[in-house]
Amino acid sequence: MSHKKQAFLLGLALFAVLIWHISAALLAQQGWLAALLHSGFTCLLLLVVGVCMRSGQAQQRDERAGEQGAAWQETEPLWQQLQQAYVEQCQQLDGQLQEANRLLQDAIGGLLDSFSSITRHAKAQQDIAISMIGAGEGGNNQHTASFERFAHDTNATLEIFVENTLRTSQVSIVQVNHMTEIDEKIRSVHAFLADIDGISKQTNMLALNAAIEAARAGEAGRGFAVVADEVRALSLRTHDFNEQISQTILSVQKMVEEAHASIADLASHDMSYVLEAKMRVQHTMGQINELSQGMAGAVTQLNGIAGQVEHSTNVAITSLQFQDRLSQLLGRAGQCVSTLQALQQLAPQLLSASGSGETLAATREQCRLQLQALRQPPPAEQPARHHDIELF
Amino acid sequence: MSTLPDLDYHAALANMAGMVELYCEALAAFLQEAPLLMQQYREHWLAGDWPVARRAAHSLKSSAAVMGALALSQAARYLEQLATAEDGSQPVLEAAWLACMQAWQRFTQAVAVYLPA
């Protein structure tokens, strides 16, 4: 508003005030016409005051717009730099969020695979432990009972073995006595054979003497010579048989002596070592039994530990489900970044809007629609529930 | 001193009716028996067992005569006589036994050529 117009309005206001006072003075003295004039001047005064106030406000706005335009001219380059930096930071933030999401997915995937592998191995270990101790507690008892039965059978077999060994020793002693008697008999046979051999030699000598005497007798002793020859032949056969019997008896005596030595060696063994061996075996069997029971207990503990490991691993796998929730949060953070970028792009559009009022209105409407679309609330987040999580 | 031969082979073969084989068998038996008889005579003579000593000397005397060992037979006959007389004179008996051993040695040397190989 120009200064002239302001001076005009101020003078009109002063005139209206003057008229109003005059009409007020007349009103205090006269009738309805003065009242009507007073009312009319009052309205005029109010109108002038309103126009003046409106004019003042418009002037102030024009002044302020002018000042802002000048300031914007100075601030626009800085504003553009800030816009550019804002966009760059948003892009970096979005990239970092995506990288963090990718790393998180990779790490969680590796952890899940690792825990799954641990679970499989723990399960395999548990199966091995179960197979070692049998199926459940009943199998363990069966294992213990089976080993006790084995120890009992071994002890019984050992008892039979010891009894047979002692019996063999006793029989060996009897056999040694018998062999001694047989050896003595064989020696007496040798004496008999020696006597027979002596008789055979004497018979041979007699037959030889008879043959000589028969030869000296000449023709008369020819028959006697034949008899003497037969006697000598019998004597020689007796001698041969005696030699054969003697050789055979010598062989028998040698074998009997060897058998006697073997049986005597067997009978002379101290059978106490068998009893000591039995005691040692029983002691060893007891130790093995204790060791077996201890091993069964250890395997049972291993089975329990494997179960605990499997349970803990399942809990860890369940706990790792935060990956989905965290991925959702990172996704929403990315959406927020995108929203910020979109909002950041609306401001320049509004600032750059110029021209006719229709263009500005269209720009505003477009911005309003975009802002409304950006303010659409994200879909409600589904809270994680334990029973909804699919275990790996 | 005896003049009888140590070995009269022909007389011995005549005793065997000319059977050389019989003589060889008898000679083999005599070579085994004669040392035993001499040893037996000496042991029983030293022990004073005159009958047994005389029996041994008698067997040696007869067998030696049959086998042609005439000198040995004569020496054995003297031992038999001493045993029959029960003469315990040590030098006499030692001399007679030594003469018998020497006659035996000569006979074995002489008869070796007739032994089968």
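This report covers the nonpolar cores, salt bridges, largest pocket and one backbone feature of a predicted model.

**Nonpolar cores**

In soluble globular proteins, nonpolar side chains tend to be buried together. The largest nonpolar core here has 46 residues. Those with the most contacts inside this core are Tyr23(B), Phe30(B), Tyr41(B), Leu60(B), Leu72(B) and Phe107(B). Chain A gives two or more residues to the core from helix 3 (136-217). Chain B does so from helix 1 (9-15), helix 2 (20-47), helix 3 (50-66), helix 4 (70-85) and helix 5 (90-111). Helix 2 of chain B supplies the largest share, 11 residues.

Another core lies apart from this one. It has nine residues, among them Cys90(A), Leu97(A), Leu112(A) and Ile317(A).

Tyr23(B) deserves a closer look. Leaving aside residues up to four places away in sequence, Tyr23(B) touches Leu7(B), Tyr9(B), Ala12(B), Leu13(B), Met16(B), Met67(B) and Val111(B).

**Salt bridges**

Side chains of opposite charge can pair when their charged atoms come close. Over all chains, the whole structure holds 13 salt bridges. Three of the pairs are tabulated below with the distance between their closest N and O atoms.

| Salt bridge | N to O distance |
|---|---|
| Asp106(A) with Arg102(A) | 3.2 Å |
| Arg222(A) with Glu219(A) | 2.6 Å |
| Asp6(B) with Arg106(B) | 2.9 Å |

Asp6(B) and Arg106(B) meet through their side chains. Asp6(B) lies in the segment before helix 1 of chain B, and Arg106(B) lies in helix 5 of chain B, so the pair ties together parts that are 100 residues apart in sequence. Asp6(B) is partly exposed, at 22% relative accessibility. Arg106(B) is also partly exposed, at 35%. The cut-off for buried is under 20%, so the 22% of Asp6(B) places this residue in the partly exposed class.

Asp106(A) and Arg102(A) sit within one element, helix 2 (residues 32-133) of chain A. Four residues separate them, about one turn of the helix. Asp106(A) counts as partly exposed because its relative accessibility is 46%. For Arg102(A) the value is 40%, which also counts as partly exposed. Both residues belong to a network of salt bridges that links Glu99(A), Arg102(A) and Asp106(A).

Arg222(A) and Glu219(A) form a salt bridge. Both of these residues are exposed.

**The largest pocket**

The largest pocket encloses about 1,000 Å³ of space. Its lining has 31 residues. Nearest its centre lie Lys201(A), Met205(A) and Asn209(A) from chain A, and Ala29(B) and Glu33(B) from chain B. On the chain A side, helix 3 and helix 4 (222-268) each give two or more residues to the lining. On the chain B side, helix 2 and helix 3 do so. By class, the lining has 14 nonpolar, 11 polar and six charged residues.

Some elements recur. Helix 3 of chain A gives two or more residues to the largest core and two or more to the lining of the largest pocket. Helix 2 and helix 3 of chain B also appear in both lists.

**A positive phi**

Which backbone value marks Ala17(B)? Its phi is near 55°, a positive value in a residue other than glycine. Ala17(B) lies in the loop between helix 1 and helix 2 of chain B. The relative accessible area of Ala17(B) is 48%, so this residue is partly exposed.

Technical notes. Residues numbered from 1 in each chain as written. Chains lettered and ligands numbered in written order. Predicted model: local features only at pLDDT ≥ 70, side-chain atom pairs only at ≥ 80, totals over all residues. Heavy atoms only, no water. Core = buried A, V, L, I, M, F, W, Y, C linked by side-chain atoms within 4.5 Å. Buried < 20%, exposed > 50% of the residue type's maximum accessible area, 1.4 Å probe, protein only. Contact = heavy atoms within 4.5 Å. Salt bridge = Lys/Arg side-chain N within 4 Å of Asp/Glu carboxyl O. 1 Å grid on protein atoms, 1.4 Å probe; cavity = no way out; pocket = protein on both sides within 12 Å on 5 of 7 lines; lining within 4 Å. Points joined across faces, edges and corners; volume = space filled by probe spheres on them. Nonpolar A, V, L, I, M, F, W, Y, C, P; charged D, E, K, R; others polar.
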